[in-house]
Amino acid sequence: MKQRKLILASGSSRRKELLEQIGLEFVVLPSQCEEVITSTSPEQVVQELALQKAQDVAARQTEGIVLGSDTVVAYDGKILGKPATKEEAIEMLTMLQGNTHQVYTGVALVDCEKKENAPKVFCEQTEVIVYPMTATEIQSYVDSGDPMDKAGSYGIQGAFGAYIKGIQGDYYNVVGLPIGRVYQELKQMSCFMDGSEN
């Protein structure tokens, strides 16, 4: 399948792995822009940030499609970012254990050859239910170092899988990119050129 140039405006190894998993070819050019948030709703925040990243990279490109993305974890309407300290990670996990929270991923696609076209921006939401955890389990997970670079202080695809009771929605969205939806949107943007899109 022939494919137009695709640029991932993110240095996230998880997003890179997800795009590779579905066989897409792409180059990685992480956005350098300063992120500005004007909204408080998690759904709006991730779309805003995804668009800022995509437009920042697209401004320096003349061809291809730029994909910007941002993921946040929210509990009780409050956004939980990446923990700055182990204490913060423990605090977040204590909040999430035994409860249901939401993961939002915003995606923005900018066609560099048709910059006059409005970018395609959307958000996917997944509900995640976490089993109750003991203080020892939380401490042990935090000590593993796994939560430190992840929104909400956990990665669903790692050791934290032991505490996931269930999810409602797209699993890959929780990992960092709703790849099924991304593929369908790219198809609509004529990213794949020889017509054999299946």
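The following paragraphs describe the pockets, nonpolar cores, salt bridges and backbone features of a predicted model.

The largest pocket has a volume of about 550 Å³. Its lining is made up of 30 residues, of which Arg14, Arg15, Thr71, Lys82 and Ala151 are the closest to the centre of the pocket. Four elements, namely helix 1 (13–21), strand 3 (65–75), strand 4 (78–80) and helix 5 (171–175), each contribute at least two residues to this lining, and the largest share, four residues, is supplied by strand 3. When the lining of the largest pocket is divided by class, 13 residues are nonpolar, nine are polar and eight are charged.

The second largest pocket encloses about 190 Å³ of space. It is lined by 14 residues, and those closest to its centre are Asp111, Lys114, Asn117, Ala118 and Met189. Helix 2 (42–58) and strand 5 (100–111) are the elements that provide two or more residues to the lining of the second largest pocket, with strand 5 giving the most, three residues. By class, the lining of the second largest pocket consists of seven nonpolar, three polar and four charged residues.

Turning to the interior, the largest nonpolar core comprises 41 residues, and those with the most contacts inside this core are Leu67, Leu109, Tyr154, Phe160, Leu177 and Leu186. For Tyr154, once neighbours within four places in sequence are set aside, the residues in contact are Val73, Leu93, Leu96, His101, Val103, Val128, Tyr141, Pro147, Phe160, Ile164 and Val174. Phe160 thus appears both among the residues with the most contacts inside the largest core and among the contacts of Tyr154. Apart from the largest core lies another core, which has ten residues and includes Ala54, Ala58, Ala108 and Cys112.

Charged side chains were examined next. Side chains of opposite charge can pair when their charged atoms come close. Over the whole structure, 13 salt bridges are found. One of the salt bridges joins the side chains of Glu20 and Lys16, with an N to O distance of 3.3 Å. Because Glu20 and Lys16 are four residues apart in helix 1, about one helical turn separates them. Glu20 has a relative accessible area of 42% and is therefore partly exposed, a class that lies between 20% and 50%, and Lys16, at 35% relative accessibility, also counts as partly exposed.

A salt bridge is likewise present between the side chains of Glu185 and Arg181, where the N to O distance is 2.9 Å. Both residues lie in helix 6 (residues 179–188) and are four residues apart, which corresponds to about one turn of the helix. Glu185 is buried, since its relative accessible area is 11% and the limit for a buried residue is under 20%, whereas Arg181 counts as partly exposed at 31% relative accessibility.

Asp146 and Lys150 form a further salt bridge, in which the closest N and O atoms are 3.0 Å apart. Asp146 is partly exposed, with a relative accessible area of 22%, while Lys150, at 11% relative accessibility, counts as buried. Asp146 and Lys150 also belong to a network of salt bridges that links them with Arg14 and Asp149. Arg14, a member of this network, is in addition one of the residues closest to the centre of the largest pocket.

The backbone was considered last. Most residues other than glycine have a negative phi, and most peptide bonds are trans. Asp76, a residue other than glycine, nevertheless has a positive phi, near 60°. Asp76 is placed in the loop between strand 3 and strand 4, two elements that each supply at least two residues of the lining of the largest pocket. With a relative accessible area of 70%, Asp76 is exposed, as the cut-off for this class is over 50%. A positive phi is also found for Ser190, again a residue other than glycine, at a value near 55°. Ser190 lies in the segment after helix 6 and, with a relative accessible area of 43%, is partly exposed.

Key
Residues numbered from 1 in each chain as written. Predicted model: local features only at pLDDT ≥ 70, side-chain atom pairs only at ≥ 80, totals over all residues. Heavy atoms only, no water. 1 Å grid on protein atoms, 1.4 Å probe; cavity = no way out; pocket = protein on both sides within 12 Å on 5 of 7 lines; lining within 4 Å. Points joined across faces, edges and corners; volume = space filled by probe spheres on them. Nonpolar A, V, L, I, M, F, W, Y, C, P; charged D, E, K, R; others polar. Core = buried A, V, L, I, M, F, W, Y, C linked by side-chain atoms within 4.5 Å. Buried < 20%, exposed > 50% of the residue type's maximum accessible area, 1.4 Å probe, protein only. Contact = heavy atoms within 4.5 Å. Salt bridge = Lys/Arg side-chain N within 4 Å of Asp/Glu carboxyl O.
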